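Visitor: I should like to understand how the descriptive terms applied to a structure follow from its computed values. Could we proceed term by term?

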Amino acid sequence: MVAEGRQRIDKWLFFSRAVKSRSLAAKLVVAGRVRINRDKAAQASDMVRPGDVLTITLDQRILVWKVLGAGARRGPAEEARLLYEDMSPQPTPKGEAVPDAIPALREAGSGRPTKKERRQTDRLLGED
């Protein structure tokens, strides 16, 4: 039952195709992986309405969606995309490192030896 464009968060996540089942949506909410307007959703029965911003943490992705409307059914993907506006940050390409990341460098001979270095010393000592 949809009252004034409001809908339960678990139903909305299911209708928007963020998760595969409504029970998975409820588990996601209870685990604290869904925020409604920066506040953690405590229960699967929490209500969302148009204009709310959801932050959803899935596996290794963070989705930021603005709710545009309540769903009536779990339809095709084209219909589900009409329920939200995607405001997620663009993921970095796989080959490209994060600009703030410092490369892990160490001087030769310092720290724990690598597998290659261990093999070289084994060969020098005659341990094959």
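**From values to terms**

Guide: Let us begin with aspartate 52, which lies in the loop between strand S4 (47–48) and S5. The model is a predicted one.

Visitor: What makes aspartate 52 a residue without a salt bridge, and which side chain of opposite charge is nearest?

Guide: The nearest side chain of opposite charge is that of arginine 49, 4.5 Å away. A salt bridge requires a side-chain nitrogen of Lys or Arg within 4 Å of a carboxyl oxygen of Asp or Glu, so the pair does not qualify. Aspartate 52 is nevertheless buried.

Visitor: What polar contact does the side chain of aspartate 52 make, and why is it called one?

Guide: The partner is the side chain of asparagine 37, at 3.0 Å. The cut-off for a pair of N or O atoms is 3.5 Å, so the value of 3.0 Å satisfies it. Aspartate 52 also touches Ile36, Met47, Trp65, Lys66 and Val67, among others, when residues up to four places away in sequence are not counted.

Visitor: Why is aspartate 10 called buried, whereas arginine 8 is called partly exposed?

Guide: Aspartate 10 has a relative accessible area of 3%, and buried means under 20%, so the term applies. Arginine 8 stands at 32% relative accessibility; partly exposed covers the range between 20% and 50%, so arginine 8 receives that label.

Visitor: How do you know that aspartate 10 takes part in salt bridges?

Guide: Its side chain meets that of arginine 8 at 3.1 Å, N to O. With arginine 22, the closest N and O atoms are 3.2 Å apart. The limit is 4 Å, so each pair counts as a salt bridge. Arginine 22 lies in helix H2 and aspartate 10 in helix H1, so the second pair ties together parts that are 12 residues apart in sequence. Arg8, Asp10 and Arg22 are thus described as a network of salt bridges.

Visitor: What makes the pair of glutamate 79 and arginine 73 a salt bridge, and are these residues buried or partly exposed?

Guide: Their closest N and O atoms are 3.0 Å apart, and this lies within 4 Å, so the pair qualifies. Glutamate 79 is partly exposed at 30% relative accessibility, and arginine 73 is partly exposed with a relative accessible area of 47%. By this rule the count comes to 3 salt bridges.

Visitor: Why is threonine 55 not called buried, and where is it found?

Guide: Threonine 55 is found in strand S5 (residues 53–58). Its relative accessible area is 25%, and buried means under 20%, so threonine 55 is partly exposed. Its contacts include Arg33, Val34, Ile62 and Val64, residues up to four places away in sequence not being counted.

Visitor: Which residues touch the most other members of the largest nonpolar core, and which elements contribute to it?

Guide: Of its 21 residues, Ile9, Trp12, Leu13, Val34, Leu54 and Ile56 touch the most other members. Two or more residues each come from helix H1 (9–15), helix H2 (22–30), strand S2 (34–36), S5 and strand S6 (61–67). H1 gives the largest share, 4 residues. Leucine 13 touches Val34 and Ile56, among others, with residues up to four places away in sequence left out.

Key. Residues numbered from 1 in each chain as written. Predicted model: local features only at pLDDT ≥ 70, side-chain atom pairs only at ≥ 80, totals over all residues. Heavy atoms only, no water. Buried < 20%, exposed > 50% of the residue type's maximum accessible area, 1.4 Å probe, protein only. Contact = heavy atoms within 4.5 Å. Core = buried A, V, L, I, M, F, W, Y, C linked by side-chain atoms within 4.5 Å. Lys, Arg positive; Asp, Glu negative; His and termini not counted. Polar contact = N/O pair within 3.5 Å; in protein donor to acceptor, adjacent residues only side chain to side chain.
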